[in-house]
Amino acid sequence: MQPSELINRYVNAVGENLPKKSRADIQAELNSLLTETLDARAESEGRPADQAMTVAVLREFGDPAVVAQRYVPSRPLIGPAYFPIFSIVVKIVAGVMSVLWVVGTVILIANSDGSETVAEIIWQSGVRFVGQLLANFGLLVIIFVVIEHFWSKPPPTGEPWDPVKLPAVENPNRIDRTDAIFTIIGNLIVLAIFNFGPNLLNGFFLQDGAWQTIPLFGPAFYTYLPWIYLSCLFEIALYGYVLFRGSWTRVTRVLEIGSGLYAAFVVVALLVEPQPLAAIPVFEPLVKGGLIIVLVVVLIDVGLNIYRLVTKRWSPPSAPELELVSNG
Amino acid sequence: MVKATNQNGSAEAFDLELRRGALVVAVLSQLHTEQYGYSLKKALGERGLDIEEGTLYPLLRRLETQGLLDSSWRIEEGRPRRYYKLNAHGSKVLEQLTENWQSLVRAMDRLLKGKE
């Protein structure tokens, strides 16, 4: 393994246990110090740095968890040993609660007797959701504080550890080509079906020994087609561009979030449409159910993209970049 | 947490505690002029005080956070380096710590010599 890759992994492993606020700066400094130490070692030994030499240097620096602990010496409510687990649990709980909230709100809207407007239902449900979210977060904090103080893991003791076995650093901005291609193809299929093969969306049933068809969607649904086309075309263009470029950027992430919110808006508009969306009443629950599933999937995707945008971990920034930011 | 370091009662464990406070004085004493982490480690080593990287570099950060040091990134010899230097407050603290240290050394000297 290349020395730079080993150093990247080590720096990343230390960063995993550091608070986000100071993480990038400490990682940049650590990267610089490791590189400097390794270069000096190579010079003193009169040979180029290799894996064995890098491993030796990293061992001298110490176990990443121990080093991180030294950078964060004051005892927090939840220490570095449990914080990664706490962070994952909070994200899972928040994610599950968000999905349940969206589904619950859509059901409330769908079953509304009209005494409250959609905005009122969303507002009331949102207030309850925030309250529950805070209560659950507080409960998790209490649980982890108790664990931290009564069943605290012993601090890392400097047991032998292997730098080579540290996990590789993932680039969160690298595009998943399969996902991008499927997204483009999926949107093309939707466009193709609505434009050239609307019969594919018909419901089929057997009557008097012959197959009969009934259109799935009613006229009200088709009034939303331009909105749906716009969403599909935008997704195709965006994913085509990102595929061509090879990675996500902040701008394309924001555009993707905007595109997802637009799609969610169209789906909600369809769900609250007073006219029946299906051609015949028996298909109405099927259409609404399908739309609710689409809404949940879109919102999860939006949530994930917001998470990636907010928490994306770049490679440690270089010193000049940091200087520009701090002067900035 | 601190207890864990000397639970085994070994000389190494006590030595770690002994050095902990001294390291702060040692590090501050070398930062009247600007130093980056690696050069400071070398400077301390050349004066007989070897200190682990994993201890020194976080300590620099902590001293900066505590308002004793100022730091800035610069590119020197084509490398990005973070330079640390005592600030006015750090100089005053070092002055006080030096006095305390010398007083402690005298006291310890008397104590240890008294035992001989």
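Here is a walk through a predicted model of two protein chains, A and B.

Let's start with chain A on its own. Chain A is built from 12 helices and two strands. Follow chain A from the N terminus and you meet its elements in the order α-α-α-α-α-α-α-β-β-α-α-α-α-α. Chain A has 328 residues, and 38% of them count as buried. How do the contacts within chain A spread along the sequence? Take the contacts with a separation of 6 or more: 73% of them join residues 24 or more positions apart. As for its surface, chain A exposes about 18700 Å², with carbon and sulfur atoms supplying 67% of that.

Now look at where the two chains touch. On one side there are 22 residues of chain A, and they're in contact with 19 residues of chain B. Between them the chains bury about 2100 Å², and carbon and sulfur atoms give 59% of that area. Which residues of chain A lose the most area to chain B? They are Glu29(A), Glu36(A) and Arg70(A), and together they make up 28% of what that side buries.

Charged and polar partners turn up here too. There are seven salt bridges between chain A and chain B. If you'd like to find a salt bridge in the model, try the side chains of Asp39(A) and Arg79(B), which meet at 2.8 Å, N to O. The two chains also share 12 residue pairs in polar contact, counting pairs with both residues at pLDDT 80 or more. On chain A, the elements that put two or more residues into the side touching chain B are helix 2 (20-45), helix 3 (51-61), helix 4 (64-71) and helix 12 (319-327). Helix 2 of chain A brings the largest share, 11 residues. Sort this side of chain A by class and you get 12 nonpolar, three polar and seven charged residues.

Finally, cross over to chain B and its own helix 2, residues 37-46. Seven of the 10 residues in this helix of chain B are buried, so the helix is largely enclosed by the rest of the structure. The buried ones are Gly37(B), Tyr38(B), Ser39(B), Leu40(B), Lys41(B), Ala43(B) and Leu44(B). What do they pack against? From within chain B, they meet helix 1 (11-29), strand 1 (35-36), helix 3 (53-65) and strand 3 (79-86), and from across the interface, helix 2 of chain A. After helix 2 of chain B comes Gly48(B), with a positive phi near 90°.

Terms used: Residues numbered from 1 in each chain as written. Chains lettered and ligands numbered in written order. Predicted model: local features only at pLDDT ≥ 70, side-chain atom pairs only at ≥ 80, totals over all residues. Heavy atoms only, no water. Contact = heavy atoms within 4.5 Å. Buried area = accessible area lost by both parts, 1.4 Å probe. Salt bridge = Lys/Arg side-chain N within 4 Å of Asp/Glu carboxyl O. Polar contact = N/O pair within 3.5 Å; in protein donor to acceptor, adjacent residues only side chain to side chain. Helix = DSSP H or I, 4+ residues; strand = E, 2+ residues; numbered from the N terminus. Nonpolar A, V, L, I, M, F, W, Y, C, P; charged D, E, K, R; others polar. Buried < 20%, exposed > 50% of the residue type's maximum accessible area, 1.4 Å probe, protein only. Areas by Shrake-Rupley, 256 points an atom, 1.4 Å probe, with all protein chains shown as cover.
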